[in-house]
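Hi,

Here is the structure I promised to pass on to you. Please have a look at it first, and then read my notes below.

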Amino acid sequence: MKSAYEKALERFGQLKIEKLTDEQKKRLAELDALYKSKLVERELMLENEKNKAIEAGDFEKYQQVEAQLISERKRIKDELEIKKEEIRNNK
């Protein structure tokens with residue numbers, strides 16, 4: 001069964017798919033766990049801020065925090081993908 005990464009490589013024209021070592025797979029799994037925890041931490045903190053804004057009736061603050069949450073999710077996911085790519089490229 002092919003991974004999503006392998007399917008994406010094929011879809012974008014890279015026919016030769018290089019296999020990952022066990023060490024690379026381990027490091028990728030560790031990164032996934034680390035960044036999942038980072039994401040959950042930020043989401044919890046910002047959800048708390050959103051709840052405070054709701055309680056205060058501050059719709060503008062709520063929207064700012066919601067936008068920040070979206071931005072943080074994207075930043076963390078982008079950072080994770082960069083680090084994963086570094087691992088994939090280091091044989």
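**What I found**

Let me begin with a single residue: Asp32 is found in helix α2 (helices are DSSP runs of H or I with at least four residues, strands are runs of E with at least two, and both are numbered from the N terminus). Before going further, please note that this is a predicted model, in which local features need pLDDT of at least 70 and side-chain atom pairs count only at pLDDT 80 or more, while totals for chains, interfaces and linings use all residues. Residues are numbered from 1 along each chain as its sequence is written, and side-chain values use heavy atoms, with hydrogens and water left out.

Back to Asp32, which counts as partly exposed at 33% relative accessibility (buried means under 20% relative accessible area, exposed over 50%, partly exposed in between, with a 1.4 Å probe and protein chains only). Leaving aside residues up to four places away in sequence, Asp32 touches Leu80 and Lys84 (contact means heavy atoms within 4.5 Å). The C-alpha atoms of Asp32 and Gln68 are separated by 22 Å, with their positions 36 residues apart along the chain. Arg75 and Leu39 are also 36 residues apart in sequence, but their C-alpha atoms are 9.7 Å apart in space. Arg75 belongs to helix α3 and is partly exposed, with a relative accessible area of 40%.

Now the chain as a whole. It has 3 helices and 0 strands, in the pattern α-α-α along the sequence. Its radius of gyration is 18 Å, well over the 12 Å that the globule rule gives for 91 residues, so the chain is more spread out than a compact globule (the radius is taken over C-alpha atoms, and the rule is 2.2 Å times the number of residues to the power 0.38). Along the principal axes, the C-alpha atoms fill a box of roughly 55 × 25 × 20 Å. Of the contacts with a separation of 6 or more, 64% are accounted for by residues 24 or more positions apart. Buried residues make up 21% of the 91 residues.

How far apart are the end C-alpha atoms of α2? For this helix (residues 22-56) the distance is 51 Å, which agrees with the 51 Å that its 35 residues should span at 1.5 Å a residue (the expected span is 1.5 Å times one less than the number of residues). In α3, 31 residues should span 45 Å, and the end C-alpha atoms are indeed 45 Å apart.

The buried residues of α2 include Leu28, Leu31, Tyr35, Leu39, Arg42 and Lys50, and α3 is among what covers the buried residues of α2. In α3, the buried residues include Val65, Leu69, Glu72, Ile76, Leu80 and Lys84. Just after α2, Gly57 takes a positive phi of about 70°.

Finally, the rings. There is 1 aromatic pair (rings of Phe, Tyr and Trp, the last by its six-membered ring, pair if their centres lie within 6.5 Å; planes under 30 degrees apart count as stacked, over 60 as edge-to-face and the rest as tilted). The pair is Phe59 and Tyr62, with centres 6.4 Å apart and planes at 15°, so it is stacked. Both residues lie in α3 (residues 59-89), 3 residues apart, about one turn of the helix. Phe59 is exposed at 55% relative accessible area, whereas Tyr62 is partly exposed at 25%. Elsewhere, the charged end of Lys38 sits over the ring of Tyr35, 4.5 Å from its centre (NZ of Lys or CZ of Arg must be within 6 Å of the ring centre and within 35 degrees of the ring normal).

Best wishes
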